[in-house]
Amino acid sequence: MTDTTYRKAVIQALADELAADETVFLIGEDIAAAGGVFKTTEALVDRFGAKRVLDTPISEQAIIGTAIGAAASGLRPVAEIMFADFAGVCFDQIANQLAKYRYMTNGQVNLPVTIRLINGAGSGFGAQHSQAVENWFLNVAGLKICVPATPADAYGLLRAAIRDPDPVLVFEHKGLLGIQGPLSENGGAPDIGVAEIIRPGRDATVVVTQLMRQRTLDAADALASDGVELEVIDLRTLVPFDARTVGESVQRTSRLVCVQECQNFGSWGASVAAHVLEQQFDYLDGPPHLIGGDETPIPFAQNLEEAWIPSADRITTEIRRVLAE
Amino acid sequence: MTATEATSALGTDALLDLLRQMHEIRLFEEAVQRLFAQGLVRGSTHLCIGQEAVSVGVCSAMRPGDVATCTYRGHGTTLAMGAPLDRSFAEIMGRANGLCGGKGGSMHLTDVGVGLLGSFAIVGAHLPIAVGAAFARRYKGEDSVSVCFFGDGATNIGAFHESLNLAAIWKLPIVFVCENNLYGEYSRIDLTTPVERLVDRASSYAMRGRRADGNDVLGVRAEAQAAFAHARAGEGPTLLELLTYRWSGHSRTDPGTYRPEGELEAWKERDPIARLRDKLDDHGVDEPTCDAVRVSAERAVAEALERAKSWPEPELSSRFEGVRSD
């Protein structure tokens, strides 16, 4: 299969679902005429028309609320939040309305809403356009959360999200949009809620997402030269959490490390660590370890921002230290 | 259409049905108040006594396929949309047979089967959702409309402005019904809002705006019919400001002491139920006929309440159901 980019994989997934289902429509800021600020909806309006690919005012509450109301009326909306940080503007619509509406009404409405949010640091956008904000939504029942790291996962998880009968947040990492890879790996599209062991190893289970995937694989290469074999798991979906894949891996390796692009307190890594402590305590040779960003907003200057994000060197050093304890 | 024309357009039976609905809503709300005092209802509740004509007038102008969304002060709209009295009581009491199986409560009454898409309890949050319901109707080529009830307080929250703007720019088939009862929770509207006529805010969005007496059920109905016709013709949304008054406080713990002396009494002189009875009198309907409607409403409400009380609490296992559809 020929390689494509993460960005093109997103466009392809949207195009394939628009073509497959008349009830699918896209809504967001500058997604139609401009093709998206990150060009992740490029030319879709030309192919599918202004009825189905809609530019909106800068009104995140209206974008998400419109998606909710349309879904409750039988459509399958795909809303874009241009920078994931802007989810703060419509947090009520996502956390109080979208997530709770079905439950409060005892299942009287179905809400097949997909929200695409462009996530992540490393591109010099400053504190308000760089945060990986998926952790904001971990404590809200009723949302599925996907965090694809490869073109194949971006394609497969986005299609699965659009077809899913319930709300799904799909975080697309802006630092990964240009990476290349095949559109389909391992013979098929990933299901929501299924993690992938991307490198098998015996000495430690290292759980990653998105930008931390490649950096951790680089660290694993460096540690392999010391004879240390990491088992690296890309979660791909945070909610529902694939406890089985992670748990079985920890049973084999007896160590857990989570590498994440966020501060550790209140993070998905902390939740994974707590889960493993509860379920796999007897298998562990030491406490779980979290490698994350500093407890500061993300700074702008390139050296400061790079220092904030866990680097391959830092991941290598910390894991080496943890395994020596 | 003027209110007089609306009266004449409706036959006696239809007028008596509006009277029945308003009686049932008021009796329902009075019963809810008693249930609180008896400890049979938990949490809070927000009564719409005095505002019955808004829900009944607007909903009476709706057609099958139209949908409504409303607020936590939504018992009246729920009943006016046609939700059953017994299952509405049951939801407020947290019973298994409640509209939402006991998961929603007083502030989230929902009956999608009758077109009530939901009651929402974050001020203003349902306006964008109502816009989405209107969008879907046009997307699917239907000529139905979305009706969104909200209070005066919601006109100061961001979602209101985002929603009116988007609905106007896309000319969506939606009617924004602002129930101006003069108080946002405990605060008088003139202390929180620099414009007296909330309908003036429609002009910011180049939107059709109308302001009417919300205690005149036939006038409300006529304004709603005109707004729906405008929406169905593809002409876009209307902001309909209806002036009314809640006779009780904001919620059960609020005695409403912030209201100037005499204000409540003056509004009670404009009781929407009494005013419809006056109209019926003009229409040649005698007093015993109207009294019979009230008696029959009392019986219906009392019987519904007894049924609701007889229903069980939800099964404990039901709390895990409904988060997701899979």
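Q: What kind of unit do β10(A), helix α6 (residues 211–224) of chain A and β11(A) make?
A: Together, β10(A), α6(A) and β11(A) make a right-handed β-α-β unit. Right-handed here means that, with the strands pointing away from the viewer, the path from the first strand over the helix to the second runs clockwise. Helices (H or I, at least four residues) and strands (E, at least two) are DSSP runs, numbered from the N terminus. Mind that this is a predicted model: local features need pLDDT of at least 70 and side-chain atom pairs count only at pLDDT 80 or more, while totals for chains, interfaces and linings use all residues. Residues are numbered from 1 along each chain as its sequence is written, and chains are lettered from A and ligands numbered from 1 in the order in which they are written.

Q: What makes β10(A) and β11(A) a pair, and in which sense do they run?
A: Two strands pair if DSSP finds at least two bridges between them. Strand β10 (residues 204–208) of chain A has five bridges to β11(A), and the two run parallel. One of the bridge partners in β11(A) is L230(A), matched with A204(A).

Q: And which sense applies to strand β9 (residues 196–199) of chain A and β11(A)?
A: Antiparallel, over three bridges. Here R199(A) has V232(A) of β11(A) as its bridge partner.

Q: Why is strand β11 (residues 230–234) of chain A called largely enclosed?
A: Five of its five residues are buried, so the rest of the structure largely encloses β11(A). Buried means that 20 or more other C-beta atoms lie within 10 Å of a residue's own (exposed is 12 or fewer, partly exposed in between, with C-beta atoms placed from the backbone). Both faces are covered, with L230(A), V232(A) and D234(A) on one side and E231(A) and I233(A) on the other.

Q: How do you know whether D234(A) is buried or exposed?
A: Count the neighbours: D234(A) has 24 other C-beta atoms within 10 Å, so it is buried. Leaving out residues up to four places away in sequence, D234(A) touches residues including A149(A), V208(A) and R213(A). Contact means C-beta atoms, placed from the backbone, within 7 Å.

Q: How do you know that the length of α6(A) agrees with its 14 residues?
A: The expected span is 1.5 Å times one less than the number of residues. For α6(A) that gives 20 Å, and the end C-alpha atoms are 21 Å apart, which agrees. Buried residues of α6(A) include L211(A), T216(A), A219(A) and L223(A), and their cover includes β9, β10 and β11 of chain A.

Q: What does the same check say for helix α12 (residues 287–310) of chain B?
A: Its 24 residues should span 34 Å and the end C-alpha atoms are 35 Å apart, so this agrees. The buried residues of α12(B), among them V293(B), A297(B) and V301(B), pack against α2 (12–37), α5 (85–92) and α11 (272–282) of chain B.

Q: Which domains does the assignment give chain A?
A: Domain 1 (3–182) and domain 2 (196–324), with bounds from an automatic or database domain assignment. Their centres, taken over C-alpha atoms, are 26 Å apart, and 24 residues of domain 1 are in contact with 24 residues of domain 2.

Q: How many residues of chain A are in contact with chain B, and what makes up that side?
A: 34 residues of chain A contact 33 of chain B. Nine on the chain A side come from α3(A), the largest share. By class, this side has 14 nonpolar, 17 polar and three charged residues; Ala, Val, Leu, Ile, Met, Phe, Trp, Tyr, Cys and Pro count as nonpolar, Asp, Glu, Lys and Arg as charged, and the others, Gly among them, as polar.

Notes. Two residues are in contact if their C-beta atoms, placed from the backbone, lie within 7 Å.
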